[in-house]
Amino acid sequence: MNSDGFIPLDWSELSQEEMFDQADKLYASMKKRRTTRHFSTKPVARELIECAIMCGSTAPSGAHLQPWTFVAISNQEIKQKMRIAAEEEERKTYEQRMPEVWRELLEPLGTDAVKEHMTDAPWIVVLFRQSKRIRENGESAPTYYSTESCGIAAGMFIHAIHNMGLVTLTHTPSPMGFLRDILGRPNHEHAMLVMPVGYPAKGASIPNLERKPIEGVSLFFE
Ligand code: IYR
């Protein structure tokens with residue numbers, strides 16, 4: 001193997017005790033994360049959003065292309081435009097496009113076509129997936145596993161937001177083409193998730209959900 005361009009891995013072994021302790025602490029913290037639909041308008045410093053984006057951007061990605069663009073919006077006029085366009089699509093989705101088998105699942109979650117979080121939350125972060133990359137010679141070339149890569153980056157971003165004491169929501173207006181137009185992104189970028197970020201509104205409530213136990217989400221062969 002050619003080792004040019006390689007550096008030593010910066011890693012140190014934890015004791016068994018430290019491992020269990022860190023594992024427990026992380027799970028205890030992650031268990032408390034909840035998708036929140038009610039946001040306060042209280043401002044959040046841009047540096048915190050930048051930090052969460054850099055955390056998301058540590059995600060592994062196909063051929064290390066990092067095929068994502070996080071577009072962060074605090075501008076109220078742009079948020080308003082995005083909300084109007086999202087609600088227009090969502091009304092069609094909820095009223096015409098959503099079959100009953102889907103609607104019955106969303107009913108207990110309390111979602112609908114009204115998206116006040118898009119104007120209440122101080123930041124909206126839109127994750128765009130890059131299906132192509134532009135090479136140095138200006139030609140376009142494919143990216144690889146961009147959906148998987150962006151999914152991982154989104155998870156890491158969401159965890160960073162939770163870890164800094166803020167809340168977010170993974171909103172998926174569909175279709176999302178209007179976001180490319182409003183935010184002036186190129187054709188090879190595809191909006192994947194809209195994530196309002198901020199403080200929860202006073203008295204914010206969430207559905208009383210349980211998560212599946214280990215047996216429901218895994219299988220071990222030992
Ligand atoms: N995209 C819509 C509808 C929606 C769909 C699922 I699946 C959800 O878990 C929640 C909502 C929206 O964002 O409201």
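**Helix pair, four-stranded sheet and two loop details**

Helices H2 and H6 are oblique to each other. The model is predicted, and the protein chain has an average pLDDT of 96. Beside this helix pair, the structure holds an open sheet of four strands. The points below take each topic in turn.

**Confidence**
- In the protein chain, 100% of the residues score a pLDDT of at least 70.
- Among the elements, H2 has the highest mean pLDDT, at 99.
- Helix H4, residues 100-106, has the lowest mean, at 92.

**The H2 and H6 pair**
- H2 covers residues 46-56, and H6 covers residues 146-163.
- The two helices pack with their axes 7 Å apart.
- The angle between H2 and H6 is about 140°.
- That angle is not over 145 degrees and lies outside the range of 65 to 115, so the pair counts as oblique.
- The crossing of H2 past H6 is right-handed.
- H2 brings Ala52, Ile53, Cys55 and Gly56 to the contact.
- H6 meets them with Ala153, Met156, Phe157, Ala160 and Ile161.
- By class, eight residues of this contact are nonpolar and one is polar.
- No charged residues take part in the contact of H2 with H6.

**The sheet**
- The strand order is E1-E2-E6-E5, and the pairing is antiparallel.
- E1 (68-73) and E5 (167-168) stand at the edges, each with a single partner strand.
- One side of each edge strand is therefore left without a neighbour in the sheet.
- In general, strands of a sheet pair through backbone hydrogen bonds.
- E2 spans residues 123-130, and E6 spans residues 189-198.
- These two strands run antiparallel and are joined by eight bridges.
- Arg129 has His190 in E6 as its bridge partner.
- Helix H3, residues 76-97, packs on the sheet.
- H3 touches E1 and E2, and its direction makes about 65° with that of E2.

**Backbone details in loops**
- A cis peptide bond links Ser174 to Pro175.
- Omega of this bond is near -10°.
- Pro175 sits in the loop between E5 and helix H7 (177-183).
- Ala63 has a phi near 55°.
- This is a positive value in a residue other than glycine.
- Ala63 lies in the loop between H2 and E1.

Notes: Residues numbered from 1 in each chain as written. Predicted model: local features only at pLDDT ≥ 70, side-chain atom pairs only at ≥ 80, totals over all residues. Heavy atoms only, no water. Pairing = 2+ DSSP bridges. Contact = heavy atoms within 4.5 Å. Axes fitted to C-alpha atoms, helices over the stretch in contact; angles between N-to-C directions. Parallel < 35°, antiparallel > 145°, perpendicular 65-115°, else oblique. Left-handed = near helix turned anticlockwise from the far one by under 90°. Nonpolar A, V, L, I, M, F, W, Y, C, P; charged D, E, K, R; others polar. pLDDT = per-residue confidence, 0-100.
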